[in-house]
Amino acid sequence: MQPRAGEAPFVTRHFTVTGGSYHDGNRNMSNIYTVSGPVAPERLGTTLMHEHVMVDFGGAAVTGPHRWNRAEVAGVMLPYLRAVVRQGVSTLVECTPAYLGRDPELLRALSRAAGLQIITNTGFYREPYLPDWVFGMDP
């Protein structure tokens, strides 16, 4: 699909998440949790389903907010996030996992500044981007 004139080429125009409550196998769920708080599923709107605002491949032993400047990352990424909002995107699913650069505080600030709902994850990636304690966890 070719982008329209002035449209960011990475925006998917035809994918929209539609609402209503959903079921997780045990109970009906009424909210999706974004970095800024709960949102009703019907308010998600057009959603980018797998994005990365920032990734740090330093490894679990060294990664953390001390390795990046949040203001610099925001300065680089905010224009792109505002561009997708202008294209009609309401929600972005940010898939950077723990120990690979996930920064919920940065994501919350970007969400508010761009007027974009951002959903993050709670997962891990794989070696060598895992802390040692993960290998002792029960499945």
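The tour of this predicted model begins with its internal space, where the count comes to one cavity of 30 Å³ or more. Rolling a probe the size of a water molecule over the atoms shows where empty space is left. The volume of the largest cavity is about 50 Å³.

**First stop: the cavity lining**

Please select Val53, Met54, Glu94, Thr96, Gly101, Arg102, Asp103, Leu106 and Leu107, which line the largest cavity. Coloured by class, this lining shows four nonpolar, two polar and three charged residues. Leu106 and Leu107 belong to the lining, and both are also among the buried residues of helix 2. The next selection follows from them.

**Second stop: helix 2**

Select residues 104-114, which make up helix 2. Which of its residues are buried? They are Leu106, Leu107, Leu110, Ser111 and Ala114. Viewed down the axis of helix 2, these buried residues fall within an arc of 135°, so they line one face of the helix. An α-helix has 3.6 residues a turn, so residues three or four places apart point the same way.

What covers the buried residues of helix 2? The cover includes helix 1 (70-86), strand 6 (89-94) and strand 7 (117-119). Displaying these three elements together with helix 2 shows the surroundings of the buried residues.

Within helix 1, select Ala83. Ala83 counts as buried, because its relative accessibility is 16% and the limit for buried is under 20%. A line drawn from the C-alpha atom of Ala83 to that of Ala114 spans 8.9 Å, although the two residues are 31 residues apart along the chain.

Moving past the end of helix 2, select Gly115, which follows the helix and has a positive phi, near 70°.

**Third stop: the loop before helix 2**

Now select Tyr99, in the loop between strand 6 and helix 2. Most residues other than glycine have a negative phi, and most peptide bonds are trans. Tyr99 has a positive phi, near 65°, and is a residue other than glycine. With a relative accessible area of 29%, Tyr99 is partly exposed.

**Fourth stop: the aromatic rings**

How many aromatic pairs does a search of the whole structure find? The search finds four. A pair of aromatic rings is described by the distance of the centres and the angle of the planes.

Select Phe124 and Trp133, whose rings form an edge-to-face pair, 5.7 Å centre to centre with 75° between the planes. Phe124 is partly exposed at 35% relative accessibility, and Trp133 is also partly exposed, at 48%.

Next select Tyr125 and Tyr129, whose ring centres are 5.7 Å apart and whose planes meet at 35°, so this pair is tilted. Is each of these two residues buried or partly exposed? Tyr125 is partly exposed, with a relative accessible area of 42%, whereas Tyr129 is buried, with 13%. Adding Phe57 to the selection completes a cluster, in which ring pairs link Phe57, Tyr125 and Tyr129.

**Last stop: a cis peptide bond**

Finally, select Glu127 and Pro128 and inspect the peptide bond from Glu127 to Pro128, which is cis, with omega near 0°. Where does Pro128 lie? Pro128 lies in the segment after strand 7, and strand 7 (117-119) is part of the cover over the buried residues of helix 2.

Methods:
Residues are numbered from 1 along each chain as its sequence is written. This is a predicted model: local features need pLDDT of at least 70, side-chain atom pairs count only at pLDDT 80 or more; totals for chains, interfaces and linings use all residues. Side-chain values use heavy atoms; hydrogens and water are left out. On a 1 Å grid over the protein atoms alone, a cavity is a set of points where a 1.4 Å probe fits but cannot get out, and a pocket is an open set with protein on both sides within 12 Å along at least five of seven lines; lining residues have an atom within 4 Å of a point. Grid points are joined across faces, edges and corners, and a volume is the space filled by probe spheres set on the points. Ala, Val, Leu, Ile, Met, Phe, Trp, Tyr, Cys and Pro count as nonpolar, Asp, Glu, Lys and Arg as charged, and the others, Gly among them, as polar. Buried means under 20% relative accessible area, exposed over 50%, partly exposed in between (1.4 Å probe, protein chains only). Helices (H or I, at least four residues) and strands (E, at least two) are DSSP runs, numbered from the N terminus. The arc is that of the directions from the helix axis to the C-beta atoms. Contact means heavy atoms within 4.5 Å. Rings of Phe, Tyr and Trp (its six-membered ring) pair if their centres lie within 6.5 Å; planes under 30 degrees apart count as stacked, over 60 as edge-to-face and the rest as tilted.
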